[in-house]
Amino acid sequence: MFKNYLLVTLRNLRKNATYSFINIAGLSIGIVCSILIMLWVFDELSFDKFQPKATRLYQVWVNAHFDGKVNSWTSVPQPTYEALKTEDSNIINTAITDWGGNHLYTVGENRIYKEAYYASEEFLEMFQFPLLKGDVSTVMDDPASLVITESMARTLFGDEDPINQTVRINNAHDLKVTGVLKDIPKNSSFQFDCLMTWKMKIIAEDWVKRSQTQWGNYSFQVFVELNDPANETNVENSIRDLLFRKGETDMKREFFLHPMLRWRLHSNFENGQESGGMVDYVQMFTIIAAFILVIACINFMNLATARSERRAREVGIRKSVGSRRHELIFQFMGESVFLAVLAFTIAILLAQLLLPFYNQLVDKQLIIDYASPQFWIFAGSLIVFTGLVSGSYPALYLSSFQPVKVLKGKIQVGKSASLPRRILVTLQFGFSILLIIGTIVIYWQINFVKARDLGYDQENLITVEYTAEVGQNYRAIKQELLNSGVVSSVCKSNSPITEIWSNNFLGWPGKPEEQKVIFTTISTEYDYTKTMGIKILEGRDFSEDHKSDTAAIIVNKAAIDVMGLKDPIGQQLDLWGGKRELIGIVDNVLMGSPYQPVKPMFMVLIPEWASAVTIRLEKTENLQGSLKKVEEIFKKYNPAYPFEYEFADVEFAKKFTTINMTSHLAGLFASLAIFITGLGLFGLAAFMAEQRTKEIGIRKVMGASVMSLVTLMSRDFSRLVLIAFLISSPIAWWLLNQFLMRFPVRVGIPWWVFPVTGVIALVFASVIVSTQALRAAQANPAVSLRNE
């Protein structure tokens, strides 16, 4: 029986080659899209799950109540680390970390510039990254310990054993390698090349040493390990008011725990509650994958039912010789599952070919793990789902034929399936229109945000990291750069122009006692506004002619709007327990998220608080030549470090990585969905034209023109597209409004998107149907009517 079913299936595939190709091609494209999308989805869902203790690890966050809302912070005071060890018996371990930035590591002639993390000795006991060499219980006990990754060990030491070897850090002090970690997985929330001890950070940085007892300095990340995740609520209740008990009474601040397995997907908080994150994109692309797969399945269902006349006699004969309905259902479902297996095999080959290009698009290193049981479970589920969904309706429909009527020719099969086919075609175009509108609106949102006024000039603006040697020789470096002829201005600051690294509260005359506003904080020296190209709206910049400027302050327009000062210049503002004279107001500068309004900002003159040197290059056609001269000057005063720089416009563009990826993927998969829809429509139109051959012949004999026949055949499909447009447009409008709500700075959905999309869908369908209708209309009626 199975052999017979298989032979019949293969015979039908060969006999109806065109329609078989359309079915298999549509299913293959639908499946390959689903595979590629789900590879990305599964990678996002896998973040941090390799950690053995992932369910018991939490980061300590703060909910700060001020400015009429609840603000959630990831940074907490340093004393939190020690205090939580005894605060609740359910907390069995705590760790404190801080990003260490890039450092120069030297071993003999080998020098590399890598990213470091500072962490307390409990870190590797809690976050169990595989330790290839060293003892996890003692590897970070010594302040001078250094734990490096496998690839870093290979770069510095080659094949030598790195344990107990000395590494020179920043040409300043020596550390001893005490452990080697396996390279950090890409799906880890922590990304670093080496770990340095928290004790070393306290020794090396005075401000960290001072903050050990300061409950008002929110600059550190603290993590806890619980004995049981079921105790999370109890622990939160016991630590919630710890800051109040430690004297932080100027506003309501409460600790809460954020589980490790929610860090990646649920990183956004609004008014103290989770408000999404990457989970929104995971859900969106999962839905798109389902849409595309359903569209491909609809093709199969439509063509199978439309061509039911070809299988009607087979059903009649099988039933007349004793086949029962459930056996026929089993046969037709088996055929669809067989086609699904065939389509899946082709899809896997296509996915493997496309994976390198897809990885570039999503900036990941995705692979199809054929050895993974999860992959085969997914593959089996996908095949069964595709086979059952695409074959269910045709199997039920075909198996319902009555053999007496079929064999006597008294039934016009295919007619009764007309309404369901119309519904399915409408559904197909509804999904496609939804994806087209979504792609256009996302693209519009990206362009709207990119077109915002930045408040500074990005052209020829580069940033170089501020090292100890650069700090010691800054005056000489600056002067030589200005004398080089390729640089127009230089300044230093506590952060690059494209990032915000510090925030503080600020007071002003007339400020209500209960009002608290966070200000972006820029520490700089002279020439900051000149170098960045920031417009001074009122007052003046910091100047070497005014020695009192060390006690002065400059704010942006957003700050003035918040403070509401009528005559701001000369006013005394409260900062860090002292007074500072307001000497200038600058235009708003977009430093943070491009999707957020510009925050209030102030600038202070503290030259020693610097982390970056920003250089404005002169306009030139020989940019590489200018960079070479700048490099020579830095090499002269900072020879140990590689000369590395970042262009401001390139760094700003990185802020759009996620939404650009979303736009590209949505556009790609929308195009494929439309292609699959078109493929099915082509097959359906070809069959409908074939079915109406005699009708068209009679109409031509009666005098109908080719154009009227084409219009007649296209009318039904055009009506279906119009219905799909009317149904999907309001749904698209609602869904996209929900999507855009996450962006405080967002575009309104332009009205023209809907009619334009409708016209595109209508023209697309009309062209496909018209090609088949035109061929039928131009056929010689004598040929189609010769047997009448």
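**Salt bridges, cores and ring contacts in the predicted model**

With a relative accessibility of 29%, R168 counts as partly exposed in this predicted model, and its side chain forms a salt bridge with D174, in which the closest N and O atoms are 3.2 Å apart. D174, at 42% relative accessibility, likewise counts as partly exposed. Side chains of opposite charge can pair when their charged atoms come close. A search of the whole structure finds 25 salt bridges. One of them joins K53 and E225, with 3.3 Å between the closest N and O atoms; K53 lies in the loop between α2 and β1 whereas E225 belongs to strand β10, so that this pair ties together parts that are 172 residues apart in sequence. Both K53 and E225 are buried. A salt bridge is also formed by the side chains of K557 and D561, at 3.6 Å from N to O, and these two residues, being four residues apart in helix α19 (residues 557–563), are separated by about one helical turn. An α-helix has 3.6 residues a turn, so residues three or four places apart point the same way. K557 is partly exposed, with a relative accessible area of 38%, while D561 is exposed, its relative accessible area being 52%. Beyond such pairs, a network of salt bridges links D43, E44, R264 and K364.

The largest nonpolar core contains 111 residues, of which I35 and W40 touch the most other members. To this core helix α10 (residues 278–306) gives the most, contributing 15 residues. When residues up to four places away in sequence are not counted, I35 touches F344, A347, I348, A351, F378 and L382. A second, separate core of 47 residues includes I148, V224, V235 and M251.

V235 also appears in helix α8 (residues 232–239), where V235, E236 and I239 are buried. These three residues cover an arc of only 100° around the axis, which puts them on the same side of α8. The elements that cover the buried residues of this helix include β3 (91–107), β10 (221–226), α9 (242–245) and β11 (252–259).

Aromatic rings form a further set of contacts, with 42 aromatic pairs in the structure. In one of these, W40 and F285 meet edge-to-face, with 5.4 Å from centre to centre and 75° between the planes; because W40 lies in helix α2 (residues 17–45) and F285 in helix α10, the pair ties together parts that are 245 residues apart in sequence. W40 counts as buried at 1% relative accessibility, and F285 counts as buried at 1% as well. The pair of W61 and F269 is tilted, with 4.6 Å between the centres and 45° between the planes, and it links distant parts of the chain, since W61 is in strand β1 (residues 57–66) and F269 in strand β12 (residues 269–270), 208 residues apart. W61 is buried, with a relative accessible area of 7%. Ring pairs also link F50, Y117, F123, F127, F129, F190, F192, F223 and W263 into a cluster.

Charged side chains meet rings as well: the charged end of K450 sits over the ring of F656, 5.4 Å from its centre, and K492 lies over the face of Y474, at 4.5 Å from the ring centre.

Finally, E122 lies in the loop between β4 (110–119) and α4 (123–126) and is buried, with a relative accessible area of 8%. Residues up to four places away in sequence aside, E122 touches Y81, K85, N93, T94 and A95.

How values were computed
Residues numbered from 1 in each chain as written. Predicted model: local features only at pLDDT ≥ 70, side-chain atom pairs only at ≥ 80, totals over all residues. Heavy atoms only, no water. Buried < 20%, exposed > 50% of the residue type's maximum accessible area, 1.4 Å probe, protein only. Contact = heavy atoms within 4.5 Å. Core = buried A, V, L, I, M, F, W, Y, C linked by side-chain atoms within 4.5 Å. Arc of directions from axis to C-beta. Phe/Tyr/Trp six-rings, centres within 6.5 Å; stacked < 30°, edge-to-face > 60°. Lys NZ or Arg CZ within 6 Å of the ring centre and 35° of its normal. Salt bridge = Lys/Arg side-chain N within 4 Å of Asp/Glu carboxyl O.
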